[in-house]
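Welcome, and thanks for taking a look at this protein with us. Please have the sequence and the 3D view open as you read the briefing below.

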Amino acid sequence: MQREPLRGEHIVLRPLEVEHLARCVKWFNDSDVTYFLGREGPLTMAEEERWFSEYRQKIDEEIYALHVGDVHIGNVGLHRIDRVNRKADVGIVIGERDYWSKGYGTDAMRTILRYAFDRLRLHKVSLDVLEYNTRALRSYEKCGFGREGVRRDELLKRKRFVNLVRMSLLTRHACELRER
């Protein structure tokens with residue numbers, strides 16, 4: 001199934017393709033990027049290509065390359081899409097550091113959420129975020145996400161255990177996304 005690009009205020013989300021993978025490998029091998037993610041490097045191109053081949057077979061995942069103009073700056077995706085219970089998880093990475101803290105992540109999140117609620121007709125979208133990722137927490141709260149709880153000492157990051165915050169957004173609280 002060919003998916004169309006999704007347009008935000010300042011960004012465009014294009015379906016993730018093979019040509020995006022080299023940049024993804026670069027980001028996932030950058031410790032400053034992975035410090036804010038639930039994963040660590042190293043990652044090889046062969047591993048990323050194998051993952052991409054498996055991803056293309058899935059019906060419960062939709063990942064988009066986040067573009068500002070012609071520059072691929074990150075990815076955003078819906079994961080574990082459950083069409084029966086009308087819910088999914090969302091994840092985002094801005095891998096290009098020059099684009100951090102400029103509102104592109106918030107714009108991308110609002111765009112993917114409009115798609116999730118309006119086109120996929122989901123009821124709930126959830127995410128996990130590292131408790132120390134205050135920039136992401138602020139962005140998610142701007143998008144209307146509320147905190148559901150904390151998973152204590154969930155991940156080992158740089159030799160210390162850190163908490164994950166579980167957040168979600170319900171369709172009844174997503175109406176402000178449609179107004180923007």
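**Salt bridges, sheet and pocket**

The count of salt bridges in this structure comes to 14. Please keep in mind that the model is predicted. Beyond these charged pairs, the briefing visits a sheet of eight strands and a pocket holding about 1,400 Å³ of space.

**A charged pair to look up**

- Side chains of opposite charge can pair when their charged atoms come close.
- Glutamate 17 and arginine 56 form one salt bridge, and their closest N and O atoms are 3.3 Å apart.
- Glutamate 17 sits in the loop between strand S2 (12–15) and H1, while arginine 56 sits in the loop between H3 and strand S3 (62–68), so this pair ties together parts that are 39 residues apart in sequence.

**The sheet**

- Strands of a sheet pair through backbone hydrogen bonds, either parallel or antiparallel.
- Here the eight strands make an open sheet with mixed pairing, in the order S1-S2-S3-S4-S5-S6-S8-S7.
- Strand S1 (6–7) and strand S7 (146–157) are at the edges with a single partner strand each, so one side of each has no neighbour in the sheet.
- S1 and S2 run antiparallel and are joined by two bridges, and a hairpin of four residues connects S1 to S2.
- Arginine 7 has valine 12 in S2 as its bridge partner, and valine 12 in turn has histidine 67 in S3 as a bridge partner.
- S2 and S3 also pair in the antiparallel sense, over four bridges.
- Further along, seven bridges join the antiparallel strands S6 and S8, and leucine 127 stands opposite methionine 167 in S8.
- H5 packs on the sheet, where this helix touches S5, S6, S7 and S8, and its direction makes about 165° with that of S6.

**The largest pocket**

- Rolling a probe the size of a water molecule over the atoms shows where empty space is left.
- The largest pocket has a lining of 50 residues, and Leu37, Gly91, Ile92, Val93 and Tyr140 lie nearest its centre.
- Among the elements that give two or more residues to this lining are helix H1 (21–28), helix H3 (45–55), strand S5 (87–94), helix H4 (104–119) and helix H5 (134–142).
- Sorted by class, the lining of the largest pocket contains 26 nonpolar, 11 polar and 13 charged residues.

Conventions: Residues numbered from 1 in each chain as written. Predicted model: local features only at pLDDT ≥ 70, side-chain atom pairs only at ≥ 80, totals over all residues. Heavy atoms only, no water. 1 Å grid on protein atoms, 1.4 Å probe; cavity = no way out; pocket = protein on both sides within 12 Å on 5 of 7 lines; lining within 4 Å. Points joined across faces, edges and corners; volume = space filled by probe spheres on them. Nonpolar A, V, L, I, M, F, W, Y, C, P; charged D, E, K, R; others polar. Pairing = 2+ DSSP bridges. Contact = heavy atoms within 4.5 Å. Axes fitted to C-alpha atoms, helices over the stretch in contact; angles between N-to-C directions. Salt bridge = Lys/Arg side-chain N within 4 Å of Asp/Glu carboxyl O.
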